[in-house]
Amino acid sequence: MEVFPSSKHVQAIKKPQRIKKTGLVVVRNMKIIGLHCSSSELHAGQIAVIKHGSRLKDCDLYFSRKPCSTCLKMIVNAGVNRISYWPSDPEISLQPENPSQTSLGDARLDAKAVERLKSNSRAHVCVLLQPLACYMVQFVEETSLKCDFAQKITRIHPEFQRSTFYEYRQDRVKEYEALFLISSEEKHKEILRLMGLENLCEDPYFVCLRQNMKELVLVLATVAASVPSYSDFGFYLSETSDDNQQGLTQEIAQHCIIQARLLAYRTEDHKIGVGAVVWAERKCSTLDCDGTGSMYFLGCGYNAFPVGSEYADFPHMDDNQKDREIRKFRYIIHAEQNAITFR
Ligand SMILES: Nc1ccn([C@@H]2O[C@H](COP(=O)(O)OP(=O)(O)OP(=O)(O)O)[C@@H](O)[C@H]2O)c(=O)n1
C-alpha cells in the first residue's frame with residue numbers, strides 16, 4: 001500500500017521529506033478489513049483510527065514502516081492486538097542524509113517515545129518479516145511469467161519475451177529497493193539500534209535479516225513485472241466528466257491488479273489461484289484526506305473453500321475430470337465472492 005499511486009493533486013503538494021509515506025493493512029480474525037496509505041495530511045495510523053474507530057479493538061495492524069509515536073499512542077489506545085512493522089527506515093525518517101540538526105533530533109526523540117510506548121502497552125509490537133518458503137522466489141517467477149496479462153502481451157507482441165520481463169523486474173527491484181531497503185549496512189544497523197532492534201545488528205542475524213528483506217522485495221518486484229506498462233496494454237477505465245473527480249488512472253488499476261495477483265498466492269485451489277480486490281470511487285466532489293485519493297477499499301479475497309475447513313475436507317477435481325460428484329465447483333468460493341466477505 002505504501003506505493004499506492006498518489007493523485008496529481010497530492011503529487012503537487014510538497015511533503016516534508018522526513019515523514020515517509022507508509023502503507024497499512026488492518027486485519028481482524030484473519031480477514032483484511034482495511035488497506036490504507038498515508039497522505040500529505042494524515043499518517044496511515046491516524047487514517048485507520050478515523051476509518052475504523054473502536055472497531056480496531058483486537059485487530060492486527062501491518063505497517064510498511066514503524067509508526068511514529070502519535071500514531072502508535074492512538075492505535076494502542078484503540079485496543080489493537082498486534083502491530084507489525086517492516087524493519088527499515090521508520091515513518092519519521094532516521095536516515096542521516098542531509099539532515100537539519102533539529103529534525104533529526106526530533107526523529108530520534110520520537111523513536112525513543114515509540115520504544116517507551118511499545119514496552120508499556122498491551123499490544124504486541126514486533127518486526128514484520130517472515131522468511132520465505134523454500135522455492136517461493138522461483139515459484140512466483142514462473143507463475144508471473146505465465147500469468148494471463150504477460151501471456152496476452154506475448155501472444156500479440158512476440159518480441160515481449162523472458163528477457164523483457166526480467167528487464168521490467170530489474171527496474172521494479174531498483175525502485176522498491178530504494179524505498180524499502182537501506183543501501184548502506186552501517187546506516188541500517190544504526191537505524192535498527194535507534195528503533196530498539198539492537199539484537200538484529202549482530203551477524204548472522206543481520207545478514208539473514210537483509211537477505212529476507214531482499215527476497216521479499218524481489219517477490220514483490222516479480223509480481224509487479226507481470227503487469228508491466230507495455231505498448232498499449234492496460235485496463236478498462238470508466239469515463240468521468242466531473243473535473244473534481246480523480247477517476248481511475250491506469251496506475252491505480254495496475255496497482256490493484258498487482259494486489260489481486262499477490263492475494264492469488266493464498267489460494268486453496270491446487271490448480272488456479274485467483275485474487276480479487278474491490279475498490280470503489282467516491283462520488284463526492286471533495287477528495288478525502290487519505291492517501292488513496294478518491295478510491296476507497298471495500299474488500300479483498302482469494303478463491304478458497306468455506307472458512308474453517310481443513311485440508312482434504314472437500315474435493316479438488318476440476319471440470320474436466322469425470323466423476324461429477326467429486327468436483328470442486330460446488331464447494332470452492334470464487335475470489336470475488338470471498339472479497340465481499342473479506343476472505
Ligand atoms: N470468477 C472466478 C472464476 C473462477 N475462480 C476460481 O478459479 C478456479 C478455477 O475455476 P473454474 O475454471 O471455474 O474451475 P474448473 O473448470 O472446475 O477447474 P480448472 O479451471 O481448475 O480446471 C476455482 O477455484 C474458482 O473458484 C474465481 O475465483 N473467480
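Let's start at the ligand: one of its oxygen atoms has a polar side-chain atom of Lys 271 sitting 2.6 Å away. Keep in mind as you look around that this is a predicted model. Lys 328 makes a similar approach, with a polar side-chain atom 2.8 Å from an oxygen atom of the ligand. Then there's Asn 303, where an N or O atom in the side chain is 2.8 Å from a ligand oxygen. Taken on its own, the ligand has 590 Å² of accessible area, and the protein covers 73% of that.

Now widen the view to everything around the ligand. The residues that surround it are Asp 269, Lys 271, Ile 272, Val 274, Asn 303, Asp 318, Asp 319, Lys 328, Ile 332, His 334, Ala 335 and Glu 336. If you sort this shell by type, you get six charged residues, four nonpolar ones and two polar ones. Lys 271 and Lys 328, which you've just met, are among the residues of this shell.

Next, let's leave the ligand and hunt for salt bridges, of which the structure holds twelve. Try finding Arg 65 and Glu 2, whose side chains meet in one of them, at 2.8 Å from N to O. Arg 65 lies in the loop between strand E3 (60-63) and helix H3 (69-77), while Glu 2 is in the segment before helix H1 (8-12), so this pair ties together parts that are 63 residues apart in sequence. How accessible are these two partners? Arg 65 is buried, with a relative accessible area of 1%, and Glu 2 counts as buried too, at 6%.

For another salt bridge, look at Asp 58 and Arg 122, whose side chains meet at 3.8 Å, N to O. Here both partners are in loops: Asp 58 in the one between helix H2 (44-52) and E3, Arg 122 in the one between helix H4 (101-119) and strand E5 (124-127), so the pair ties together parts 64 residues apart in sequence. Is Arg 122 buried or exposed? Arg 122 is exposed, with a relative accessible area of 60%, whereas Asp 58 counts as partly exposed at 44%.

Helices get linked as well. Glu 141 forms a salt bridge with Arg 169, and their closest N and O atoms are 3.2 Å apart. Glu 141 belongs to helix H5 (residues 136-145) and Arg 169 to helix H7 (residues 162-180), so to speak two distant parts of the chain, 28 residues apart, that this pair links. Both Glu 141 and Arg 169 are buried. Salt bridges can also join up into a network, and you can see that with Lys 51, Arg 282 and Asp 290.

Finally, what about the cysteines? How many disulfides are there? The count comes to zero. To see why, remember that the two sulfur atoms of a disulfide have to be within 2.5 Å of each other. For Cys 68, the closest cysteine sulfur is in Cys 71, 3.9 Å away, so that's too far for a bond. Cys 68 is a buried residue, with a relative accessible area of 1%. For Cys 208, the closest cysteine sulfur belongs to Cys 201, and at 14 Å that is also too far for a bond. Cys 208 counts as partly exposed, with 44% relative accessibility.

Conventions:
Residues numbered from 1 in each chain as written. Predicted model: local features only at pLDDT ≥ 70, side-chain atom pairs only at ≥ 80, totals over all residues. Heavy atoms only, no water. Near = heavy atom within 4 Å. Polar contact = N/O pair within 3.5 Å; in protein donor to acceptor, adjacent residues only side chain to side chain. Areas by Shrake-Rupley, 256 points an atom, 1.4 Å probe, with all protein chains shown as cover. Nonpolar A, V, L, I, M, F, W, Y, C, P; charged D, E, K, R; others polar. Buried < 20%, exposed > 50% of the residue type's maximum accessible area, 1.4 Å probe, protein only. Salt bridge = Lys/Arg side-chain N within 4 Å of Asp/Glu carboxyl O. Helix = DSSP H or I, 4+ residues; strand = E, 2+ residues; numbered from the N terminus.
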